[in-house]
Amino acid sequence: MAAEEGAMSPTRMLAEGHLRVATGGGAPADGGIAVRHLPHHHPAKKDGVGGKTEQDNHEDVDSLPSQELKKLANGNNKVPGTLDDYKRLVVPIVEEYFSTGDVELAASELKGLGSDQFQHYFVKKLISMAMDRHDKEKEMSSVLLSSLYADLLSSYMISEGFMMLLESVEDLTVDIPDAVDVLAVFIARAVVDEILPPVFLARARALLPEFSKGIQVLQVVEKSYLSAPHHAELVERKWGGSTYFTVEEAKKRIQGILREYIESGDIDEAFRCIRELSLPFFHHEVVKRALTLGMENISSQPLILKLLKEAAAGCLISSNQISKGFSRLAESVDDLSLDIPSAKDLFDKLVSTAISEGWLDSSFSKSAAPEEEMQNTSAEKVKRFKEESGHIIHEYFLSDDVPELIRSLEELSAPEYNPIFLKKLVTLAMDRKNREKEMASVLLSSLSLELFSTDDITKGFIMLLQSAEDTALDIVDAPSELALFLARAVIDEVLIPLNLDEISSKLRPNSSGSQTVQMARALLSARHSGERILRCWGGGTGWAVEDAKDKITKLLEEYNTGGDLGEACRCIRDLGMPFFNHEVVKKALVMAMEKQNDAGILALLQECFGEGLVTINQMTKGFARVKEGMDDLILDIPNAQEKFEAYVELATGRSWLLPTFTSVP
């Protein structure tokens, strides 16, 4: 098995689904961070392209599964039959784009090839050719990738193309001495432009040889670019491609364009002005402000709807930007209601019209936030609950006292707001250090045993994921952090994998939240995912689950033989897996039944509980797991049920178990 995996290249792993990278499609930050103004390009004479950048290895062909090649080869005549055919057709497209700077023409020609499965090679070819040219072509390449993203190039293809480049850095440096730094800028730029997720860096590092130049590239990306102060501006200006104006200035220009359109009714002029902004990633602001104007001035609605409908039909504003604009307005509709009392009804009608006319995805209406279910209750009560929750969570981060937090939460007497508490907990933890993130996951596991239902937890995560794009404005790596929290919840058995499908069904397709769920699935499907996710914030030892079970069995057997309570507790503590202590409880109870050593084993559990080594939540979970497996236990231990009932009675008397635990009938 090891040999087979060693022979599989990272690109092959990407192609065959061993590594799927989800990409956040977040908007530019809404304040203080500059928006990139895509430049107008002018014809320039073509430069030569150096050696390796024009002659790619045969490993590129190997990166595609044979069945995909056959499928493409047997398709219609417009599709290149082989990757070699595709290579020959792509080079002139890139050359022509460098000459004309015409994004629409390049997109049209690439779409005309129809060979979607080869598009990762287009990404590689475009960048490798630009690396051997001037800053102008480098800037043009980044602009083109950003323009093609989502509508023509999938996040998977972009990620795979960059992975191929990282694998071939050694060859690129033969003709491009500064290839490491240039490729680092391209990757940093892709992250800043939000067409490549930050988590790509970690995943690529895991697939590349330890001392390869590809690893050097990733180190330069992180240390020299993405971690630098004002790194977005630094990266965007690297090749001199930005004319730069601030978000506020962009908003004012958009507002002016829309007001002028409402006054004149000249839709062609409005389209021309929107194009001249050259801010395709900020078009959601056009949608949001247009809808807001339509709600403020009912008589302007027909013009507004016509503008957005034709902008969508003409691909001036992409479907993703349309959806994002509606989403942003949905989030602020309560505030709008202060100035426009009928804002909610007006917005619902706009959504209905857009869906019926076909320029807003019908799934948008299904993605109403769970918080809307609570709108019948007092807004003031919700506000107070959020404030109290914040105080409770901050106190927990200081004290690390789970039982005290549970008591405080019970005193609030608002179980209907449990999803809001979960959202608040994870959001506050994401903006803190690993210690608090670990504590948040521990608490979530504890709450799932006593106070929170699976439905509460599912709704809480849906809330988090539906606001993921806004969270990312304040927390740069929010998507990857949320993916870890979601994956950790599955590992801790707070959620089951099927819950991810339920969560995903409530999110808009291709939204940042939906892609975060994909990230979580990718984390869970990786080899040894359990121990890796457990230790993501320093909470686990990184052992495989089976190894941990073996160690627990051995320490219990050693205790059963020697009877040294202190040594047994030390060994449990040294495991460093507090979230797996329910396994200690389970195995201890089963051993007590098998070895007829009730007194000794129960004394160990009492010691662990008294020291706080095994929490009440882990103790309850351990007893619950024994209860669940009782039918199998009876086959080997005929009196298992009677013994277990006695253990439950003793545990209840000593307050080891949560009140919610019920004994076997």
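## Exercises on salt bridges and burial

Arg-407 and Glu-404 sit 3 residues apart in helix H23 (residues 402-412), so about one helical turn separates them. Helices here are DSSP runs (H or I, at least four residues), numbered from the N terminus. This is a predicted model: local features need pLDDT of at least 70, side-chain atom pairs count only at pLDDT 80 or more, and totals for chains, interfaces and linings use all residues. Residues are numbered from 1 along each chain as its sequence is written, and side-chain values use heavy atoms, with hydrogens and water left out.

**Exercise 1.** Find what joins the side chains of Arg-407 and Glu-404, and classify their exposure.

*Solution.*
1. Apply the salt-bridge rule: a side-chain nitrogen of Lys or Arg within 4 Å of a carboxyl oxygen of Asp or Glu.
2. The two side chains of Arg-407 and Glu-404 form a salt bridge, at 2.8 Å from N to O.
3. Apply the burial cut-offs: buried is under 20% relative accessible area, exposed over 50%, partly exposed in between (1.4 Å probe, protein chains only).
4. Arg-407, at 42%, is partly exposed. Glu-404, at 30%, is partly exposed.

**Exercise 2.** Place the salt bridge of Arg-488 and Glu-438 in the chain.

*Solution.*
1. The N to O distance is 2.9 Å.
2. Arg-488 is in helix H28 (residues 478-491) and Glu-438 in helix H25, 50 residues apart, so the pair links distant parts of the chain.
3. Both Arg-488 and Glu-438 are buried.

**Exercise 3.** Is Ser-445 buried or exposed, and what does Ser-445 contact?

*Solution.*
1. Ser-445 lies in helix H25 (residues 434-450).
2. Its relative accessible area is 5%, so Ser-445 is buried.
3. Beyond neighbours within four places in sequence, Ser-445 contacts (heavy atoms within 4.5 Å) Asp-492, Val-494 and Gln-618.

Definitions and conventions
Helices (H or I, at least four residues) and strands (E, at least two) are DSSP runs, numbered from the N terminus.
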